Amino acid sequence: MRIVYLDQNKWIDLARAFKKPDDHTEFHKLLQSVRTEVVAGRLVLPLTSTNLYETYKVADTERRRDLAFVQAVLSKGLVFRGRQKRLEVEVGRVVADHLKLPMPDTQDDWFLSNVFFEATAEWEDERLGLSIPEKVVAFIRSNPVKCLYDHLVEAPDDHRLVAVQNFSRGTDRLRSTIEERRGRNAGESLAMRRRIQGARLLINDLDLIVGFANKMGAGWQSTADIGKELAHRLVDDVPTYHIEREIALRIEAQSRPLEENDFRDMASFCAVVAYADMVTGENQFVNLARQAKLGKKYETRLETSVLALRELLETDAIPQ
């Protein structure tokens with residue numbers, strides 16, 4: 001089985017081909033091949049929180065329904081898990097290896113979920129501020145395609161508007177903070193900026209890291225127990241941190257202002273590059289990931305065209 005991530009524009013290409021096959025013959029032929037492989041269980045196209053958000057905010061009802069239908073069917077309702085769950089496993093593995101503790105017991109596909117909102121947070125995550133009944137989660141798991149589709153198309157317009165506004169406000173606050181730091185560190189060397197970025201990632205998550213480590217049996221009393229050697233390993237060997245650091249370094253070195261889309265693309269790349277066999281994205285982020293040699297590190301194909309998926313299906317020896 002191959003795991004492939006499609007950024008939102010690639011899903012739009014497939015949705016257009018689904019809607020008007022005669023106008024998009026090349027993409028429609030690919031769509032048919034993809035559908036065959038998905039049904040056969042040889043291909044999976046999980047979504048990220050960015051995919052869900054960008055479909056959710058589409059104002060045109062018909063266009064949103066078409067896009068949601070293609071995404072729900074071809075993803076089978078699967079999503080890449082959110083940042084906190086990934087960090088729990090990734091940090092746990094590094095800590096366990098460093099301290100010679102038993103490795104966390106996880107399935108091979110632990111980074112995927114068929115509960116659509118776990119692209120953002122696990123259903124038992126206390127940060128949600130509400131209790132989601134287990135029977136609701138069980139229902140979603142028994143009907144992942146339908147539940148994902150209904151979520152994307154049935155929300156009232158005023159709910160969607162508030163969600164989009166809240167996301168934009170939060171992103172703008174984050175953007176202002178990063179722009180300030182960007183100006184402050186502009187004169188530093190690449191090596192120094194890499195150290196600063198790594199330190200920032202750990203500082204922001206210190207309590208989280210200690211909590212995850214203690215779940216593994218580390219028995220730490222404070223953040224001081226992390227130690228310098230392990231701190232370096234966490235930034236280098238935890239995929240979510242490593243990918244964010246390397247792409248952020250290169251974005252912040254550019255002269256252009258940061259945009260809201262940058263944060264959504266960053267969130268997706270941190271979720272998928274280490275776990276997908278192929279990632280398709282916009283030129284900018286794919287080029288940044290290539291510059292950082294992330295494809296080589298994680299053995300992931302980085303492509304800019306959804307038609308590259310055709311080559312994967314035809315030549316990459318997907319098991320029959």
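This is a short tour of a predicted model, stop by stop, with something to select at each one.

**Colour by confidence**

Start by colouring the whole protein by pLDDT. The average is 91, and 98% of the residues score at least 70. Then pick out the two extremes among the elements: strand S3 (residues 79-80) has the highest mean pLDDT, 98, while helix H16 (residues 308-315) has the lowest, 82. Keep a general caution in mind as you go: where pLDDT is low, the predicted coordinates should not be read in detail.

**H1 against H4**

Now select helix H1 (residues 8-19) along with H4, and look at how they pack: the axes are 9 Å apart, at an angle of about 105 degrees. H1 and H4 are therefore roughly perpendicular to each other. Turn on side chains for the contact. From H1 you want Gln8, Trp11, Ile12, Leu14, Ala15, Phe18 and Lys19. On the H4 side, show Glu62, Asp66, Leu67, Phe69, Val70, Gln71, Leu74 and Ser75. Colour this set by class and you get 9 nonpolar, 3 polar and 3 charged residues.

**H3 against H4**

Keep H4 (residues 61-75) on screen and add helix H3 (residues 49-56); their axes come within 9 Å and cross at roughly 155 degrees. Angles over 145 degrees count as roughly antiparallel, so that is the label for H3 and H4. Which residues of H3 meet H4 here? Select Asn51, Thr55 and Tyr56 in H3, then Arg64, Leu67, Ala68 and Gln71 in H4. The class split for this contact is 3 nonpolar, 3 polar and 1 charged. Leu67 and Gln71 may look familiar: they are also among the H4 residues in the contact with H1.

**H5 against H12**

Move on to helix H5 (residues 83-99) and helix H12 (residues 239-252), whose axes come within 8 Å and cross at roughly 115 degrees. That crossing makes H5 roughly perpendicular to H12. Show Arg83, Arg86, Leu87, Glu90 and Val91 from H5, which meet Pro239, Thr240, Tyr241 and Glu244 from H12. By class, this contact divides into 4 nonpolar, 1 polar and 4 charged residues.

**Last stop: the cavity**

How many cavities of 30 Å³ or more are there? The count comes to 1. The largest cavity holds about 40 Å³ of space. To find it, select its lining: Tyr5, Asp7, Asp265, Ser268, Phe269, Gly281, Glu282 and Phe285. Next, highlight helix H13 (residues 260-272), which supplies the largest share of that lining with 3 residues. Colour the lining by class to finish: 3 nonpolar, 2 polar and 3 charged residues.

Conventions: Residues numbered from 1 in each chain as written. Predicted model: local features only at pLDDT ≥ 70, side-chain atom pairs only at ≥ 80, totals over all residues. Heavy atoms only, no water. Axes fitted to C-alpha atoms, helices over the stretch in contact; angles between N-to-C directions. Helix = DSSP H or I, 4+ residues; strand = E, 2+ residues; numbered from the N terminus. Parallel < 35°, antiparallel > 145°, perpendicular 65-115°, else oblique. Contact = heavy atoms within 4.5 Å. Nonpolar A, V, L, I, M, F, W, Y, C, P; charged D, E, K, R; others polar. 1 Å grid on protein atoms, 1.4 Å probe; cavity = no way out; pocket = protein on both sides within 12 Å on 5 of 7 lines; lining within 4 Å. Points joined across faces, edges and corners; volume = space filled by probe spheres on them. pLDDT = per-residue confidence, 0-100.
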